[in-house]
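The following paragraphs lead the reader through selected features of a protein model. Please keep the sequence and the structure in view while reading.

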Amino acid sequence: MASSPTVQQISDCFIKPLYNSEESKKPVYLSSWDLAMLSVQYIQKGLLFTKPSSFQLDPLLQKLKESLSITLVHFYPLAGRFKTLKQENPPLYTVFIDCVNSPGARFIHANLDLTVSDILSPKDVPLVVQSFFDHDRAINHDGHDLSLLTIQVTELIDGVFIGCSINHVLADGSSYWHFFNSFSEVFKANNGQKQIIPISKTPIFNHWFPEGRGPIINLPYTHHDQFISRHESPHMRERFFHFSAEALKKLKAKANEECNTTKISSLQALSAHMWRCITRVRKFPSDHMTSCRMAINNRARLDPPLPEHYFGNCIQTVRGIASAGELLDRNLGWAAWELHQAVINHKNREIREWVETLECGMIYQLGFFDPSSIMMGSSPRFDMYGNEFGLGKGVALRSGYAHKFDGKVSLYEGNEGDGSMDLEVCLLPDFMASLETDKEFMDSLSS
């Protein structure tokens, strides 16, 4: 049997900001939220496009490079590299961004002898999709040597994939899509003039620290081996499931009706639904404790709140907890209400208490995720399909190897733009097979 085609790298180069401001020559110090990400992986997302009838690759590559150079003027830390600052007396160990001594962001041109249909038709996401991104299996600490940002353009027979990987120490999901949207905005406005192009949402790099703290966070370590670990995920299946706007309305209405309320959101109802369905197919004993974690944006929850365009990490997870028996014996509304309570009770005090924990030197480790939990990541609120790069609207969004584990569910806006959602679900093979035959789950999907 012939082996499947693989991604072939054609060329790569490094892109620097078109112009270096005085601000970009200073070191960028990182918050506790940022430093906590040093041992996890890069964010890897991208869009698949079909080739327009008049498609020419070389002009696209050239314009993308020029537009990236202009965009990096606004997002200059993404062109830097990490540096570790350490001394013995007094003891000091911290990581910061050096925006001066760096070759810049990386740009890769690659090729794959497959069609758009070859990527989208299989039930499971093909493994070759992981090769659409740089930084495969890299952890964020590797940003001392590797680029903090890479754009990879992979040409298919009848399509183009534009993949973007950003070091998670620099950006959470909100900041990641802020950059991607701005890159697209600059591309659209770029008429070949080599000059600064203003963007509609200026990033704010003034990192947040509790009063009287920062800007240098002293980590309680003397060597990175003390806080760095690498994690290889077991073999899993990865599938996309589509929930139409109508299917989501039904779930939300059902959850609210069962709780006699109107406060449960579509996202909370859907998360509760996935929590119950995945817990059922895992067949835990009734007294086995489970949880559903949801990523939550802290910007507006702090007092005083941070600006919407604060660039960096400002996220946490909140969770609902229940035994498998209680979760499945009770209804969808009960589970959704547990998640709703976790969200509304996450306020300024809780956030600041968590930052106190992080300031003790906590570094997240990928290999310790609870196999009894599910994790709802990303957000359908991000503008994903508005990024067109002269190719028209993308046909699909895909992600790389990073942050995939049993029970990880990523939420994306539906391609239709009508309030529908696409769920990227990662499960061990036996659990995925059971989910595909779970009547409650399959009935809840749009046809």
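A surface patch is here made of residues with over 30% relative accessible area and no salt bridge, and nonpolar side chains are joined to one another within 5 Å. The model to which this is applied is predicted. In it, Leu18, Tyr19 and Ile196 make a nonpolar surface patch of about 280 Å². Of these residues, Tyr19 belongs to the loop between strand 1 (8-15) and strand 2 (28-29).

The discussion now turns to the packing of helices. Two packed helices are described by the angle between their axes and by the distance between those axes. Helix 2 (residues 57-74) and helix 4 (residues 173-189) have axes that come within 9 Å and cross at roughly 120 degrees. Helix 2 is therefore oblique to helix 4, since angles from 65 to 115 degrees count as roughly perpendicular and only those over 145 as roughly antiparallel. The crossing of helix 2 past helix 4 is right-handed. On the helix 2 side, the residues that meet helix 4 are Leu60, Lys63, Leu64, Ser67, Leu68, Ile70 and Thr71. Their counterparts in helix 4 are Phe179, Ser182, Phe183, Val186 and Phe187.

Helix 5 (residues 245-259) takes part in two further packings, with helix 6 and with helix 8. Against helix 6 (residues 266-282), helix 5 packs at an angle of about 85 degrees, and the two axes are 8 Å apart. Helix 5 is thus roughly perpendicular to helix 6. Leu248, Leu251, Lys252 and Ala255 of helix 5 make this contact with Ser266, Ala269, Leu270 and His273 of helix 6.

With helix 8 (residues 332-344), the axis of helix 5 comes within 7 Å and crosses at roughly 90 degrees. That angle makes helix 5 roughly perpendicular to helix 8. Here Leu251, Lys254, Ala255, Glu258 and Cys259 of helix 5 meet Leu332, Gly333, Trp334, Ala336 and Trp337 of helix 8. Leu251 and Ala255 accordingly appear in the contact with helix 6 and also in the contact with helix 8.

The backbone offers further points for inspection. The peptide bond from Asn89 to Pro90 is cis, with omega near -5 degrees, and Pro90 is placed in the loop between strand 4 (81-87) and strand 5 (92-98). A cis peptide bond also leads from Asp303 to Pro304, where omega is near 0 degrees. Pro304 is located in the loop between strand 10 (289-297) and strand 11 (315-323). Finally, Ser378 has a positive phi of about 60 degrees, although this residue is not a glycine. Ser378 lies in strand 12 (residues 373-378).

Key
Residues numbered from 1 in each chain as written. Predicted model: local features only at pLDDT ≥ 70, side-chain atom pairs only at ≥ 80, totals over all residues. Heavy atoms only, no water. Patch = residues over 30% accessible without salt bridge, like charges linked within 9 Å, V, L, I, M, F, W, Y side chains within 5 Å. Areas by Shrake-Rupley, 256 points an atom, 1.4 Å probe, with all protein chains shown as cover. Salt bridge = Lys/Arg side-chain N within 4 Å of Asp/Glu carboxyl O. Helix = DSSP H or I, 4+ residues; strand = E, 2+ residues; numbered from the N terminus. Axes fitted to C-alpha atoms, helices over the stretch in contact; angles between N-to-C directions. Parallel < 35°, antiparallel > 145°, perpendicular 65-115°, else oblique. Left-handed = near helix turned anticlockwise from the far one by under 90°. Contact = heavy atoms within 4.5 Å.
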